[in-house]
Amino acid sequence: MKAFDYQRADSAQAAAAMAANAQGVRFIAGGTNLLDLMKLEIERPETVIDISRLPLDAIEDTEDGGLRIGALVTNSDLAADARVRRDYEVLARALLSGASGQLRNKATTGGNLLQRTRCFYFYNRAMPCNKREPGSGCAALEGRNRIHAILGGSEHCIATHPSDMAVAMMALGASVEIQSPDGKTKTLALSELYRLPGDTPHLETELEQGDLITGVVLPAPVGGRQIYRKVRDRASYAFALVSVAAVIGLEDGKIGSAQLAFGGLAPMPWRNSDLEDALIGQTPSPELWGRAADILLADAKGHGENDFKIALARRTLAHVLDAACGGEK
Amino acid sequence: MHLTLTVNGTEHALDLDPRTSLLDMLRDHLDLTGSKKGCDHGQCGACTVLLNGRRINSCLSLAVMHEGDEITTIEGLGEEGKLSPLQAAFVAHDGYQCGYCTPGQICSATAMLGEVEAGWPSHVSDNLEDQPQLTDAEISERMSGNLCRCSAYPNIVDAISEVGGGRK
């Protein structure tokens, strides 16, 4: 690990200001992803700002019936929160399907959103990777790409975003609260936080230098059936090949509301409003699931080893919609 | 960098390079070699310790971030002739072959039983709001962050189940 300057921040505003004026700076909270990458010298920060003691660890009701989750709330505490278990089951389920008990005790809400891809080539400094070394090329395109994206990728990068939590939050319509270095705060829809790789895969979010995520806000619960279905190579402690987060409401036998997001398919948690619009007002049927999958996968592109994800996404979506509309979970 | 923290009930004052992991601090600076370094990347669980009562991977945490914290390692759970219930159960059920993962398994299981008691659900819990039952499937899921190269899993589950009152 490269040597770094370790500093502690005593407020979110101070942390943001410190980060705005330093070169090669990283905030550290849980550290479960950052330290892994620092040991491999994929992350080589000159300054590490410890934000772990900031008072951002509360889960609070919002005025409009939603929930504000502090950025330092651990994945364990969020999954165990009574309100999350009752009103946001899809989020609790997503959290519980991720990582291990030890990691969830350390990993934070903000850090989970900003964790880096597990692309083999991003992790392998002997190989080219445009995300790690801009302009060096993408070894995954013609390489071992079983875990890679079929949606949203580019000729420069097909890495996937690894989070489960963010997929559920995307389906729930979450927004992200940010402290800026100038003392102001701003809010971004989670769907606006991430950038697709294009020709700059090293730029993953719309955060500017010094910006610190301070919390995530969930809208009031919408009711309906909530499901998080994760398909992976082993039953526990593995990243998703395909995951589907669904919040589906039925009215008089028809689909009244549909909020869906997908993991394992794209460089960011993936949501497609056309797919949701196509479901609303319709009577559940296998044909409808097929049409929904056609919309989701219209631009899907396999790269060899990950071709199977197209069929797997289609089947997983059908399974989840069927379960949400009355079938078995 | 100066650091004061409590390990197994004893306060320690240390001067550490900020890069030092909590695991390396325990092993190299305090000679507490019970916590093991397997992968050093949070994948195997051999380094599991309790941080203020919660299980974490000590390899993925900077020691300097633990000012004032209380750490418990396998050495703090029991001692020769006075084993903790889980330590005794691992011996009784032969929950290991080589033993390298065992300190992490026992630290992890110690905290895991507390998580179940606190009502935390898991990925395999049917209902998120009911008190979880300590079935074998629940134990396997909740212990998935601790790998055992010798694959002593059936005996590890037996040991944990006995202590946690799983099979009534």
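Two strands count as paired if DSSP finds at least two bridges between them. That rule is needed to read the sheets in this predicted model.

Strand S9(A) and strand S10 (residues 242-251) of chain A meet the rule, since seven bridges join them, and the two run antiparallel. One point to look at along this pair is Val231(A), which stands opposite Val242(A) in S10(A). The pair belongs to an open sheet of three strands with the order S9-S10-S11 (chain A) and antiparallel pairing. Its edge strands are S9 (225-231) and S11 (254-263) of chain A, each of which pairs on one side only. From one strand to the next, the twist averages 15 degrees. Helix H5(A) packs on this sheet, where it touches S9 and S10 of chain A. The direction of H5(A) makes about 20 degrees with that of S9(A).

Strands of a sheet pair through backbone hydrogen bonds, and the pairing may be parallel or antiparallel. The parallel kind appears in another part of chain A, in an open sheet of three strands with the order S1-S3-S2. Why is one side of S1 and of S2 in chain A left without a neighbour in the sheet? Strand S1 (5-8) and strand S2 (25-28) of chain A stand at the edges and have a single partner strand each, so one side of each has no neighbour there. The twist in this sheet averages 25 degrees from one strand to the next. Four bridges join S1(A) to strand S3 (residues 47-50) of chain A, and these two strands run parallel. Within this pair, Gln7(A) stands opposite Ile49(A) in S3(A). Helix H1 (residues 12-20) of chain A packs on the sheet and touches S1, S2 and S3 of chain A. The direction of H1 makes about 155 degrees with that of S2(A).

Next come the charged pairs. Side chains of opposite charge can pair when their charged atoms come close. Over all chains, the count comes to 27 salt bridges. One of them is formed by Glu43(A) and Arg116(A), whose closest N and O atoms are 2.8 Å apart. This pair links distant parts of the chain, as the two residues are 73 residues apart. Glu43(A) lies in the loop between H2 and S3 of chain A, while Arg116(A) lies in the loop between helix H7 (109-114) and helix H8 (120-123) of chain A.

The last topic is the interface of chain A and chain B. The contact takes 40 residues from chain A and 39 residues from chain B. About 3,300 Å² is buried between the two chains, with carbon and sulfur atoms giving 52% of that area. Three salt bridges are found across the interface. Among them, the side chains of Arg53(A) and Asp69(B) meet at 3.5 Å, N to O. Between chain A and chain B, 23 residue pairs are in polar contact.

Which parts of chain A supply at least two residues each of the side that touches chain B? They are S1, helix H2 (34-39), helix H3 (75-80), helix H4 (82-87), H5 (89-96) and helix H6 (101-106) of chain A. The largest share, five residues, comes from H6(A). By class, this side of chain A has 15 nonpolar, 12 polar and 13 charged residues.

Technical notes:
Residues numbered from 1 in each chain as written. Chains lettered and ligands numbered in written order. Predicted model: local features only at pLDDT ≥ 70, side-chain atom pairs only at ≥ 80, totals over all residues. Heavy atoms only, no water. Axes fitted to C-alpha atoms, helices over the stretch in contact; angles between N-to-C directions. Contact = heavy atoms within 4.5 Å. Buried area = accessible area lost by both parts, 1.4 Å probe. Salt bridge = Lys/Arg side-chain N within 4 Å of Asp/Glu carboxyl O. Polar contact = N/O pair within 3.5 Å; in protein donor to acceptor, adjacent residues only side chain to side chain. Nonpolar A, V, L, I, M, F, W, Y, C, P; charged D, E, K, R; others polar.
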